[in-house]
Each structure stands twice: as structure tokens, then as C-alpha cells.
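Colleague: Before I rely on the labels attached to this model, I would like to hear the reasoning behind them. Could we go through them one at a time?

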Amino acid sequence: MNKRGHASIQSLFLIAVVAAGLAVSVASPARAQGQTESQRQTRAQLKVITSGGFAAAFQQLQPEFEKATGIKLTVTRGASQGSGPDTIGAQLGRGFPADVVIMSREGLDDLIAEKRIVAGSDINLGQTPLGLAVRAGAPKPDIRTVEAFRQTMLRAKSVTFPGSTTGIYMVKKLFPQLGIANEMAPKTTSTGVAAVAKGDAEIAVQPVSELLHAPGTEFVGTIPKEIQYVSVFSAAMVAGSKEPKAAKELLDFLTSEKAKRAIKATGMEPVKPR
């Protein structure tokens, strides 16, 4: 083969190499873009703030949702209402980057009015009545009638309940209605059922979903229907969420049949989403 023929072969080889390189460089961004989209789906993370009333059900549902979708959840607790710094509203007000909130309907309505929620994204999940619990092994007081409940409150050395929606009801409506507001004021706290388990409080009155499986305590029963307060827990997407698609998946999951079973198991009754 002469030098001219050899040079031609080399030129053809170089052209082929350059062409292959160009093809790879063109294809790579497309492949990289596809990988990024796939990886983004598996790495999606949602920040959820939930109040205590729905926490037990959500604890059951979280691993099932994560396994089914590949979406990871970071969960923070907060009160639905009240004046404390850790209420859900206060956390959002400080700029906490939440995607979904789960809380009492009253608290959620407050956030909707403040335009902190994506319009139309709110759904109702479950409802639960007020109940009473004592420390494990302690005598169970009589709460079968309104008067029996009233006397139980008066005889108790200490009573605890959350300082959120149901606590507001008890302090502002129930105790005044029963004529015992002055007597109850010095012996009530807002630490909740955990204080009963520790022996720091004698009685806890709060949503059944917060009492039914509380360790170290025994559930006594629900308070009389004449003075009952039924809490409805709802969920919604937070305005400004950076993961709206994943947030919608979570909201859909929370109304699924699987979620309804967990809601029932933790002392609530499922309700129509709207």
C-alpha cells in the first residue's frame, strides 16, 4: 500500500472517531436528563407537619407510602391551634419548608384564610371524639353521665389536655358550661397524656386517637355525648411546596382504603374527603 492510500485510511479512521464522539456527546445529555428525572422521582422528599390527633395513624401509614412510591417523608409534630411557638401555623410563619400539613379542620381553616394552603387541596381524613385516660393500673373514674364527668373533674388532683383545638374547647366552653372553670384552672396543664404515663398528671382528656394506644396508660372511655366534641382531622398541600406532584400522591394515599384501615385502628372514623 502506498503512502497516499495509508494516509486516506488514517483520515477515514479519524473521521469515524470524531463522528462517534459527536454522537456520544449528543446522546449523553439526553441520557443524563432521563437519569436525572428518574433519580429525582426516587429521591423526592416531602416535609410533613402533623398534629397529635393523626400522628398514630400516620406512623402506621408512613412506611407503606414510602415503600409504594419511593418518596421519603420527613415528619415534624405541631399543634393545630394555640399560641405556642411550635404550632403548625407558627412553624409555617417562621418559614419552615413544609409540603403537607395534617391537622384539625379548625386549624386548617385558619391557614386557608391566611392563604398558606394551596386552594382546593384540602381533604378531610377522619374524626374522633374526646376521651379520658388514666395511668396504667389506676382506678377508672366514672364518666358515664355529665354529672359523673363533672364530679370526676372536681375530684381529680390534676387534669391534662393539649393546648390545641380540644383544649381550647374545654377551657373556653366545656368547663364554663359545667360551672367548674375556676376550680379547674389551677390544676390543669397542657402537657397531654404523656404526663399521665409518667405520673405527673392524674387524668388526660383529649381525642381518642391520641389516647387509645398511649403507652403506660389505660383508656377509660369517651365523655358523655351531651358535652362531646368531635375532632375532624384534615390534610392539605402547603402553598409554595417544591414537590407538588409528590404531595398530591400523599394526599391521594391518605384517602385510600389502606389508609382508612389505619385510621379506624387508631380510634378514628374515616370521613368523606370533602
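The exchange below takes up a pair of helices, then the cavities, then the pockets.

Modeller: Please keep in mind throughout that this is a predicted model.

Colleague: Why are α2 and α10 called oblique to each other?

Modeller: The axes of helix α2, residues 52–69, and helix α10, residues 244–253, cross at roughly 125°. Angles from 65 to 115 degrees would count as roughly perpendicular, and those over 145 as roughly antiparallel. The crossing angle of roughly 125° belongs to neither of these classes nor to the one under 35 degrees, and α2 and α10 are therefore oblique to each other. The axes of α2 and α10 come within 11 Å, and their crossing is right-handed.

Colleague: How do you know which residues in α2 meet which residues in α10?

Modeller: A contact requires heavy atoms within 4.5 Å, and by that test F58, L61, E64, F65 and T69 in α2 meet A246, E249, L250 and F253 in α10. The residues of this contact divide into six nonpolar, one polar and two charged; Glu belongs to the charged class, and E64 of α2 and E249 of α10 are both among the contact residues.

Colleague: What makes an empty space a cavity rather than a pocket?

Modeller: A cavity is a set of points where a 1.4 Å probe fits but cannot get out, whereas a pocket is an open set. By this rule, there are two cavities of 30 Å³ or more, and about 40 Å³ of space lies in the largest cavity. The lining of the largest cavity consists of N124, L125, L254, T255, K260, V271 and P273, which by class gives four nonpolar, two polar and one charged residues.

Colleague: What volume does the largest pocket have, and which residues lie nearest its centre?

Modeller: The volume of the largest pocket is about 900 Å³, and of the 44 residues that line the largest pocket, S51, G52, G53, R77 and E210 lie nearest its centre. Helix α2 gives the most to this lining, with seven residues.

Colleague: How is the lining of the largest pocket divided by class?

Modeller: The lining of the largest pocket has 15 nonpolar, 26 polar and three charged residues, on a scheme in which Gly counts as polar.

Colleague: And what lines the second largest pocket?

Modeller: The second largest pocket holds about 250 Å³ of space, and of its 14 lining residues, P97, A98, D99, G240 and S241 are the closest to its centre. By class, this lining has six nonpolar, three polar and five charged residues.

Key:
Residues numbered from 1 in each chain as written. Predicted model: local features only at pLDDT ≥ 70, side-chain atom pairs only at ≥ 80, totals over all residues. Heavy atoms only, no water. Axes fitted to C-alpha atoms, helices over the stretch in contact; angles between N-to-C directions. Helix = DSSP H or I, 4+ residues; strand = E, 2+ residues; numbered from the N terminus. Left-handed = near helix turned anticlockwise from the far one by under 90°. 1 Å grid on protein atoms, 1.4 Å probe; cavity = no way out; pocket = protein on both sides within 12 Å on 5 of 7 lines; lining within 4 Å. Points joined across faces, edges and corners; volume = space filled by probe spheres on them.
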